[in-house]
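Here are some exercises to work through with the model open beside you. Try each task on your own before you read its solution.

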Amino acid sequence: MSAKFEVGSVVTGTVKGIQPYGAFVALDENTQGLVHISEVTHGYVKDVNEHLKVGQEVTVKVLSVDEAAGKISLSIRATQEAPAQEQRAKKAPAQKRQATAVAASTAPEEGFNTLKDKLQEWIAQSDRQDLIKK
């Protein structure tokens, strides 16, 4: 099985069955693999039937081959380019972190004391001999 289908290879197969958790794809007469619902396409997939139909020919990438269990994991998503809006979504958290850092650096210094500020105070207190119990 693995001699014919190596991890990372891209092959064409036919959808043979659809389940709530994914689709079974025939790679040849004797070999089938599973495209998990998370590997059907980029973005959220609520129902596999909205994206695939039995008998449909699909291009898949081999993610893993488990010879002992006789299972092959496949991905349709890995053969497609990520949409531009998903790439922007990945950048958004970094931009948000930068905005938060800028806001924190311009925040007024009243109210909450940071550890950095308190550390100097604690060091000064630790040097006071009158606070040491005897």
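## Exercise 1: From strand 1 to strand 3

A hairpin takes the chain from strand 1 to strand 2 through two residues. Keep in mind that you are looking at a predicted model.

**Task.** Work out how strand 2 pairs with strand 1 and with strand 3, and find out how many of its residues are buried.

**Solution.**
- Step 1: Start with strand 1, residues 10-19, which runs antiparallel to strand 2 and is joined to it by five bridges. For a landmark, look for valine 15, which sits opposite valine 25 of strand 2.
- Step 2: Move along to the hairpin between strand 2 and strand 3, where five residues make the link.
- Step 3: Now check the pairing of strand 2 with strand 3 (residues 32-36): five bridges again, in the antiparallel sense. Here phenylalanine 24 has leucine 34 of strand 3 opposite it.
- Step 4: Look at burial. Strand 2 covers residues 22-26, and four of these five are buried, so the rest of the structure largely encloses this strand.

## Exercise 2: Adding strands 4 and 5

**Task.** Find which strands pair with strand 4, and in what sense.

**Solution.**
- Step 1: Go back to strand 1. Five bridges tie it to strand 4, and the two run antiparallel. Glycine 13 is a handy marker, standing opposite valine 58 in strand 4.
- Step 2: Try strand 5 next. Strand 4 pairs with strand 5 over five bridges, in the antiparallel sense. One spot to find is lysine 61, whose bridge partner in strand 5 is serine 75.
- Step 3: Follow the chain between strand 4 and strand 5. They form a hairpin with four residues between them, and glycine 70 in that turn has a positive phi of about 70°.
- Step 4: Zoom out to the whole chain, which has five strands and two helices. In sequence order the pattern reads β-β-β-β-β-α-α.

## Exercise 3: The largest pocket

**Task.** Describe the largest pocket: its volume, the residues that line it, and their classes.

**Solution.**
- Step 1: Begin with the volume, which is about 170 Å³.
- Step 2: Pick out the lining. Among the residues there are Phe24, Leu34, His36, Glu39, Leu63, Gly70 and Lys71. Strand 3 and strand 5 (71-75) are the elements that give two or more residues to this lining.
- Step 3: Sort the lining by class, and you get five nonpolar, five polar and two charged residues.

## Exercise 4: Serine 75 up close

**Task.** Is serine 75 buried or exposed, and what does its side chain reach?

**Solution.**
- Step 1: Place the residue, which belongs to strand 5.
- Step 2: Check its accessibility. The relative accessible area of serine 75 is 0%, so this residue is buried.
- Step 3: Follow the side chain of serine 75 to the backbone nitrogen of alanine 78, reached at 2.9 Å.
- Step 4: List what serine 75 touches, not counting residues up to four places away in sequence: Glu39, Thr59, Val60, Lys61 and Leu63.

## Exercise 5: Far in sequence, but how far in space?

**Task.** Which residues does glutamine 56 touch, and how far is threonine 14 from glutamine 56 in space?

**Solution.**
- Step 1: Locate glutamine 56 in the loop between strand 3 and strand 4 (57-66). This residue is partly exposed, with a relative accessible area of 29%.
- Step 2: Look around glutamine 56, leaving out residues up to four places away in sequence. The residues touched are Gly13, Thr14, Val15 and His51. The glutamine 56 side chain also reaches the backbone nitrogen of lysine 53, at 3.0 Å.
- Step 3: Turn to threonine 14, a residue of strand 1. Threonine 14 is partly exposed too, at 24% relative accessible area.
- Step 4: Compare the two kinds of separation. Threonine 14 and glutamine 56 are 42 residues apart in sequence, while their C-alpha atoms are 5.6 Å apart in space.
- Step 5: Put that pair in context. Of the chain's contacts between residues at least 6 apart in sequence, 55% join residues at least 24 apart.

Technical notes:
Residues are numbered from 1 along each chain as its sequence is written. This is a predicted model: local features need pLDDT of at least 70, side-chain atom pairs count only at pLDDT 80 or more; totals for chains, interfaces and linings use all residues. Side-chain values use heavy atoms; hydrogens and water are left out. Buried means under 20% relative accessible area, exposed over 50%, partly exposed in between (1.4 Å probe, protein chains only). Two strands pair if DSSP finds at least two bridges between them. On a 1 Å grid over the protein atoms alone, a cavity is a set of points where a 1.4 Å probe fits but cannot get out, and a pocket is an open set with protein on both sides within 12 Å along at least five of seven lines; lining residues have an atom within 4 Å of a point. Grid points are joined across faces, edges and corners, and a volume is the space filled by probe spheres set on the points. Ala, Val, Leu, Ile, Met, Phe, Trp, Tyr, Cys and Pro count as nonpolar, Asp, Glu, Lys and Arg as charged, and the others, Gly among them, as polar. A polar contact is a pair of N or O atoms within 3.5 Å; within protein, one must be able to donate a hydrogen and the other to accept it, and residues adjacent in sequence count only if both atoms are side-chain atoms. Contact means heavy atoms within 4.5 Å.
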